Amino acid sequence: MTATLEAPGAPEAPTELEQPRHPVPAALVPWRDPNPRIGWFIVVALTAFAGITRFWALGFPKQKIFDEAYYPVEAQEILRYGYEDNRGYMFIVHPPLGKWLIAFGEWLADDNKSDYLTNSFGWRIMPALFGCGTVIIVARTARRLTRSNLFGGIAGLLIACDGMSLVLARTALLDVFLEFFIAAAFGAMVIDRDKVRARLAGLIADGADLSDGVPSLGPRPWRLVAGVCFGLADAVKWTALAFFLVFIVLTVLWDRAALRAAGVSRPSRWTLRRSALPGLGSLIVAPFAAYLFCYLGWFAGENSWGRHYADTASTHTHLNLPFGISVPWDWAFVPGPIRSLGAYTLQAYRFHQGLDSGHAYASNPWSWLVLGRPVDFYYQGSPGTDCSAPCSKQVLLIGTPLLWWAFVPMLLWLAWHYLTTRDWRAGAIWVAFLAGWVFWFQNLKRTMFLFYMAPLVPFLIFGLVLAMGTILGPVRAEGTALFFGGDGLSGRPGRPRSWSDLGPWLADLTWRYPVARVGRRRAWGTAAITVFLALVLVDFAWMFPIFTGGPLSNASWHAHMWLPSWI
């Protein structure tokens, strides 16, 4: 009898005592990474690269740059009082979580714990750590989306080499935390999607008939994680609410599609019973609780802004409905502190909506995808002077140009790809695009900046790796693929069928892959992807002094300013 050698993670062949399992629809078959160690090795390498680029000379400049004039100061006030005092301004216009995180870095880095604002490295520690965390999350999420360790690594490399993500990770602003929590919430949603489908696949394989109904799908901890992350994202900036709302709808639609693939006759009805209603806790209560938890210091502070508004304000109001209908309403059932927080939030929202003052580096959403107007965070020197010595130092918030200029054609392809294939991944990326870009068109008079795109960047990179998978093309059935699979992005590598085949299999793996086995299409696709990645890496290295404030001669500084609007 010939012994067989199965691939890691492959299901064992049924023994004589086992009943044959029932076939499972392809849409529900769970993915098992045949090379998990490779995936973790890639993550470790990417984390090291991200750490070097984000922590190198992190304390420069030593002074506050751009909106660091606000957040490290408010973080120091949180350390002193438990809330933002901010006596120099009208009121606080952003939730506290991002400032709590900056405050923790200030506390860690200050030796005497007396003056937290003398250490620029301290107020940038947490943004740098969360910037590295974003690289990890993007790599692991892309790996799961594409079912490919290689494309997961490419996604992590691209986010690590994105100039805007790098600059935000080296600056004490709030947007790097927003980017992290939204990417984490989406990653948890994708894991939850896979877990639900794996449970349905297990029921079908065991012979369950789901046409007339679906039993409870059990606990869904990853959906709870996603809900908490969305709540924390909202506790950084309220703009996360757009992502939160559209992704709640998306995860319910994913569940409906899973039930339909499982053969459920009334998928909408059972989605309501098994997904929507049970999801109220993880998708509504948990985010709200996480959000309120971040305001504990504000609730406890006697002098925090607007804390006692409800003590004197009337609870009676009118709800203005469409068609001129006004309904009297009494908010007395809501606890006073919550009503005070609601009034404060509404005040801050109106402030943001009415913020239309001019700014030299303001831009509108039309220009963001093409990097029409980057933001000058710091500049030292005289660019108009002719000198050969390094005399210009700048921190310019701008995406890596050759990476960002690929986003527009990618989005056009992604729309066509979704319309022709109904690929759920393409649909998810477009949903994120609506929340992260189209959302800003609802008030074009508002003062806006390029870094408002930060939480959308991971999704644009997911779109790029999907496009790369299509460019690479499918694997031929007889081919050996260490990273890729049967649809260009997924599947298992070829494997020896017996111990006697192990030698030829290793030979294929070492010298016949990829050109001889995968065909001309994949060879050209590999070349195209390699060239693109090489150009992005070279561009990132070229722009690195502009991202980090490195010294440049005036001539070199002007050579970095590719468009007049960048100056």
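Which ring does the charged end of Arg422 sit over, and how far is it from the ring's centre?

Start with the ring: it belongs to Tyr418. Next comes the distance, 5.4 Å from the ring centre to the charged end of Arg422. To count, NZ of Lys or CZ of Arg must be within 6 Å of the ring centre and within 35 degrees of the ring normal. Now try the other example: Arg140 lies over the face of Trp40, with 3.8 Å to the ring centre.

A word on the model before going on. It's a predicted one, so local features need pLDDT of at least 70 and side-chain atom pairs pLDDT 80 or more, while totals for chains, interfaces and linings use all residues. Residues are numbered from 1 along each chain as its sequence is written, and side-chain values use heavy atoms, without hydrogens or water.

**Getting your bearings**

Find out how many helices and strands the protein has, and what share of its residues is buried.

Step one: there are 22 helices and 5 strands. These are DSSP runs numbered from the N terminus (helices H or I, at least four residues; strands E, at least two). Step two: of the 567 residues, 52% count as buried. Buried is under 20% relative accessible area, exposed over 50%, partly exposed in between (1.4 Å probe, protein chains only). Step three: take the contacts (heavy atoms within 4.5 Å) between residues at least 6 apart in sequence, and 76% of them join residues at least 24 apart.

**Backbone oddities**

Look at the loop between α17 and α18, then at the one between α1 and α2, and pick out the unusual backbone angles.

First stop is Arg422, back again, in the loop between α17 and α18. Its phi is near 55 degrees, which is positive even though the residue isn't a glycine. Arg422 is exposed, at 53% relative accessible area. Second stop is Ala57, in the loop between α1 and α2. Ala57 has a positive phi too, about 50 degrees, and isn't a glycine either. At 37% relative accessibility, Ala57 is partly exposed. Third stop is Pro61, also in the loop between α1 (36-55) and α2 (71-81). A cis peptide bond joins Phe60 to Pro61, with omega about -10 degrees.

**Into the core**

Work out which residues touch the most other members of the largest nonpolar core, and which helix gives the most to it.

Begin with the hubs: among 137 residues, Met164, Phe181, Phe377 and Phe451 touch the most other members. Such a core is a set of buried Ala, Val, Leu, Ile, Met, Phe, Trp, Tyr and Cys joined through side-chain atoms within 4.5 Å. Helix α7 (residues 175-205) gives the most, 13 residues. There's also a second, separate core of 13 residues, including Val196, Val214, Leu217 and Leu259. Now zoom in on Met164: skipping neighbours within four places in sequence, its contacts include Leu397, Trp404, Phe451 and Val457.

**Rings in pairs**

Compare the pair Phe243 and Phe459 with the pair Phe377 and Phe451 by centre distance and plane angle.

Get the count first: there are 48 aromatic pairs (ring centres of Phe, Tyr and Trp, taking its six-membered ring, within 6.5 Å; planes under 30 degrees stacked, over 60 edge-to-face, the rest tilted). For Phe243 and Phe459, the centres are 6.1 Å apart and the planes at 20 degrees, so they're stacked. Phe243 is in helix α9 (residues 240-261) and Phe459 in helix α19 (residues 457-472), so this pair ties together parts 216 residues apart in sequence. Phe243 is buried at 2%, and Phe459 is buried at 0%. For Phe377 and Phe451, you get 6.4 Å and 70 degrees, an edge-to-face pair. Phe377 sits in strand β3 (residues 375-381) and Phe451 in the loop between α18 (424-436) and α19, 74 residues away. Both Phe377 and Phe451 are buried. To finish, note that Phe243 and Phe459 belong to one aromatic cluster, with Phe186, Trp254 and Trp424 among the other members.

**A histidine with distant partners**

Locate His352, decide whether it is buried or exposed, and list what it touches.

His352 is in helix α14 (residues 336-353). Its relative accessibility is 9%, so it counts as buried. Leaving out residues up to four places away in sequence, His352 touches Val93, His94, Trp238 and Arg446. Check Val93 last: its C-alpha is 7.8 Å from that of His352, although 259 residues separate the two along the chain.
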